[in-house]
Amino acid sequence: FLGGTDRGPTFVRRQPTVVAGLERVIGIGAFDHGGAALRDDRTVWMWGEDVEGLLATGAVTLSGQSGKTYFTPRRVAGLDGVIQIAGGSRHVLALKSDGTVWGWGANRGYQLGLGDTDRRGVPTTIPSLTGVTRIYAHEYMSAARLADGSWLVWGDAPSGERPTDDGPPVRTPSALARLLGPATEVA
């Protein structure tokens with residue numbers, strides 16, 4: 001989705017295209033069904049098809065169902081102070097300046113880190129995460145870097161509980177260090 005107006009979408013163009021309604025953007029994310037932008041006022045704006053809660057409008061569709069399409073970016077309500085956004089196929093993470101992480105959207109692979117597979121149509125804090133300095137998301141996995149440099153992962157991610165791709169998803173943030181073992185010095 002390249003955005004557009006309330007009358008319809010902007011289709012693929014050969015040259016870079018401005019998304020109408022966005023300005024002062026300092027971060028961007030792309031998903032299977034839409035996009036997200038982080039503005040310099042620390043607010044998040046989203047557009048596209050609202051599937052499985054992806055656009056944080058409060059609506060939640062089931063997997064495979066179509067959602068309402070928004071061609072003009074809409075502000076994610078109730079989410080301020082965001083310093084980074086990241087997203088996988090159909091889920092979004094937002095890191096706030098206070099070190100907390102918020103997630104919404106699809107969750108069938110535990111990619112929201114809340115211990116269940118319920119979709120979320122509004123930003124929901126991941127209570128086990130504090131002191132986070134960076135976030136990452138891809139497909140059905142998520143990760144957070146802590147102030148001490150360590151990483152926590154969840155969803156379809158490698159961890160002590162899931163050292164290979166054939167293990168079960170990681171339900172809540174789990175230390176990546178258990179998979180890597182003790183640090184070794186490189187000459």
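This passage describes the confidence, sheets, cores and selected residues of a predicted protein model.

Residues are numbered from 1 along each chain as its sequence is written, and side-chain values use heavy atoms, with hydrogens and water left out. Because the model is predicted, local features need pLDDT of at least 70 and side-chain atom pairs count only at pLDDT 80 or more, while totals for chains, interfaces and linings use all residues.

The average pLDDT of the protein is 86. This score is the predictor's confidence in each residue, from 0 to 100. A pLDDT of at least 70 is reached by 81% of the residues. Over residues 178-187 the score stays under 50. For that stretch the model has 5 contacts beyond four places in sequence, a contact meaning heavy atoms within 4.5 Å. Where pLDDT is low, the predicted coordinates should not be read in detail.

Strands are DSSP runs (E, at least two residues), numbered from the N terminus. Two strands pair if DSSP finds at least two bridges between them. Strands of a sheet pair through backbone hydrogen bonds, either parallel or antiparallel.

One open sheet contains 4 strands in the order β3-β4-β5-β6, with antiparallel pairing. Its edge strands are β3 (25-31) and β6 (69-75), each of which pairs on one side only. From one strand to the next, the twist averages 10 degrees. Such angles run from 0 to 180 degrees between N-to-C directions, with axes as lines fitted to C-alpha atoms. Strand β5 (residues 44-49) is joined to β6 by 4 bridges in the antiparallel sense. Met46 has Arg74 of β6 as its bridge partner.

Another open sheet of 4 strands follows the order β7-β8-β9-β10, and its pairing is antiparallel. At its edges stand β7 and β10 (120-125); each has a single partner strand, so one side of each is left without a neighbour in the sheet. Neighbouring strands of this sheet are turned by 15 degrees against each other on average, direction ignored.

The pairings within this sheet can be followed strand by strand. Antiparallel β7 and β8 share 5 bridges. Gly87 is matched with Val92 of β8 as its bridge partner. A further 5 bridges join β8 to β9, again running antiparallel. Here the bridge partner of Leu93 is Gly103 in β9. The hairpin of β8 and β9 has 4 residues between the strands, and Gly99 takes a positive phi near 85 degrees in this hairpin. Strands β9 and β10 pair in the antiparallel sense over 3 bridges. Trp102 is bridged to Thr125 in β10.

Burial was assessed by relative accessible area: buried means under 20%, exposed over 50%, and partly exposed in between (1.4 Å probe, protein chains only). In β9, 4 of the 5 residues are buried, so the strand is largely enclosed by the rest of the structure. Gly105 belongs to this strand (residues 101-105). Gly105 is buried, with a relative accessible area of 0%. Not counting residues up to four places away in sequence, Gly105 touches Glu52, Gly53, Leu54, Arg90, His91, Leu112, Arg119 and Arg120. Gly105 and Gly121 are 16 residues apart in sequence, but their C-alpha atoms lie 5.9 Å apart in space.

Nonpolar cores are sets of buried Ala, Val, Leu, Ile, Met, Phe, Trp, Tyr and Cys residues joined through side-chain atoms within 4.5 Å. The largest has 16 residues. Val44, Met46, Val76, Leu79, Val82 and Trp104 have the most contacts inside this core. At least two of its residues come from each of β4 (34-39), β5, β7 (82-87) and β8 (91-96). A second, separate core has 14 residues, including Val101, Ile135, Ala137 and Trp154.

Two loop residues contrast in exposure. Thr43 lies between β4 and β5. Thr43 is buried, at a relative accessible area of 3%. Its side chain makes polar contacts with the side chains of Asp41 (2.6 Å) and Trp45 (2.8 Å). A polar contact is a pair of N or O atoms within 3.5 Å; within protein, one must be able to donate a hydrogen and the other to accept it, and residues adjacent in sequence count only if both atoms are side-chain atoms. Beyond four places in sequence, Thr43 touches Ala37, Leu38, Arg75, Leu79 and Asp80.

Thr130 sits in the loop between β10 and β11 (132-138). Thr130 is exposed, with a relative accessible area of 56%. Not counting residues up to four places away in sequence, Thr130 touches Gly99 and Leu146. Thr130 and Ala144 are separated by 14 residues in sequence and by 9.7 Å in space, C-alpha to C-alpha.
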